[in-house]
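Here is a short report on one protein model. Keep the sequence and the 3D view open while reading.

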Amino acid sequence: MSEWKARTAVITGGGRGFGKAFGTALADAGAHAVLVDIDETVAMAAAAEIRAAGGAADGIGGDVTDEVRMAEVMAQAAGMHGGIDLLVNNAGLHSDEYGQPITKLGLAKTRRLFDVNVMGVVCCTLAALPHMKGREGASIVNIASSAAHMGGSPYGDSKLAVAGLTITFARELGREGIRVNAISPGLMLTETIARELPEATKARVKAMQMIDADGHEEDIVEALLYLASRKARFVTGETLRVTGGMAAGV
């Protein structure tokens with residue numbers, strides 16, 4: 001029997017992209033996937049797809065920066081399924097709009113970037129904590145980025161903060177039996193990225209990799225399934241770089 005049978009996973013930014021893929025994989029493994037997204041319609045549609053395929057999933061709307069709403073969301077998820085076993089802090093801002101230098105981004109958008117990407121992790125972790133304490137095998141996985149290890153952008157700086165928070169929360173929550181890890185994805189050729197990213201950019205990034213291959217969404221899904229599983233029972237405070245070696249470092 002799968003270790004995920006009847007366990008509950010809450011995934012923020014769960015309506016699309018990595019979040020939806022995480023929810024689908026966890027539901028396929030037997031978990032109750034609770035997809036949280038600022039766009040409730042998208043979250044509910046993604047959950048409906050998972051249910052149509054035979055999995056268990058719920059879609060809930062909420063902004064990860066809203067402390068009151070996240071407390072409600074986590075309580076709702078725990079109330080439906082008896083607690084929370086896994087929290088995936090996946091929600092974040094990473095569009096071209098927020099990929100600008102700070103001098104172009106400006107104060108208001110820089111503040112919004114850090115509010116979502118950094119404080120959103122803090123907000124959701126604190127909201128989920130009361131519902132995760134005492135649950136055997138409970139863990140949290142944060143989604144950082146290869147940009148965190150390469151410097152030079154406010155987006156990368158926000159994800160570097162996520163890697164730092166991963167260590168801080170691992171230290172603080174270890175006494176509660178909760179492991180905390182992170183994943184730093186490199187360039188993953190999702191359907192959207194493969195279609196929209198210029199070929200020159202793909203070639204430039206690939207040339208920085210140590211592995212001459214394309215990264216795909218399932219590479220990040222497999223990393224999540226490992227870090228959240230019993231196989232990683234002695235792993236905490238770590239950020240796993242899934243970048244083909246592009247962001248390798250010590």
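The report covers the sheet, the helices across it, the aromatic side chains and the cysteines.

**The sheet.** This is a predicted model. Its open sheet has 7 strands with parallel pairing. The strand order is β3-β2-β1-β4-β5-β6-β7. Which strands form the edges? They are β3 (56-61) and β7 (239-242), and each of them pairs on one side only. From one strand to the next, the twist averages 20°.

One pairing can be followed in detail. Strand β1 (residues 8-12) pairs with strand β4 (residues 86-89) in the parallel sense, over 3 bridges. Ile 11 stands opposite Val 88, which belongs to β4.

**Helices across the sheet.** Two helices are listed here with the strands they cross.

| Helix | Lies across | Angle |
|---|---|---|
| α4 (residues 102-132) | β1, β4 and β5 (139-143) | about 175° to β4 |
| α8 (residues 217-227) | β4, β5, β6 (179-185) and β7 | about 165° to β6 |

Strand β4 is crossed by helix α4, and helix α8 lies across β4 as well. The edge strand β7 is among the strands under α8.

**Aromatic side chains.** A pair of aromatic rings is described by the distance of the centres and the angle of the planes. How many aromatic pairs count when ring centres must lie within 6.5 Å? The count comes to 1 aromatic pair. Phe 18 and Phe 22 have ring centres 6.1 Å apart and planes at 20°, so this pair is stacked. Planes under 30 degrees apart count as stacked. Both residues sit in helix α1 (residues 17-28). They are 4 residues apart there, so about one helical turn separates them. Are these two phenylalanines buried or exposed? Phe 18 is buried, and Phe 22 is buried too.

Trp 4 has a charged neighbour. Arg 7 lies over the face of the Trp 4 ring, at 5.0 Å from the ring centre.

**Cysteines.** A disulfide is a covalent bond between the sulfur atoms of two cysteines. How many disulfides does a search of the whole structure find? The search finds 0. Cys 123 is in no disulfide, and its nearest cysteine sulfur, that of Cys 124, is 5.3 Å away. Cys 124 is likewise in no disulfide, with the sulfur of Cys 123 as its nearest at 5.3 Å. A disulfide needs the two sulfur atoms within 2.5 Å. Cys 123 has 12% relative accessibility, so it counts as buried. Cys 124 has 0% relative accessibility and so counts as buried. The cut-off for buried is under 20%.

Technical notes: Residues are numbered from 1 along each chain as its sequence is written. This is a predicted model: local features need pLDDT of at least 70, side-chain atom pairs count only at pLDDT 80 or more; totals for chains, interfaces and linings use all residues. Side-chain values use heavy atoms; hydrogens and water are left out. Rings of Phe, Tyr and Trp (its six-membered ring) pair if their centres lie within 6.5 Å; planes under 30 degrees apart count as stacked, over 60 as edge-to-face and the rest as tilted. Helices (H or I, at least four residues) and strands (E, at least two) are DSSP runs, numbered from the N terminus. Buried means under 20% relative accessible area, exposed over 50%, partly exposed in between (1.4 Å probe, protein chains only). A charge sits over a ring if NZ of Lys or CZ of Arg is within 6 Å of the ring centre and within 35 degrees of the ring normal. Two strands pair if DSSP finds at least two bridges between them. Axes are lines fitted to C-alpha atoms, for helices over the stretch in contact, and angles run from 0 to 180 degrees between N-to-C directions. Contact means heavy atoms within 4.5 Å.
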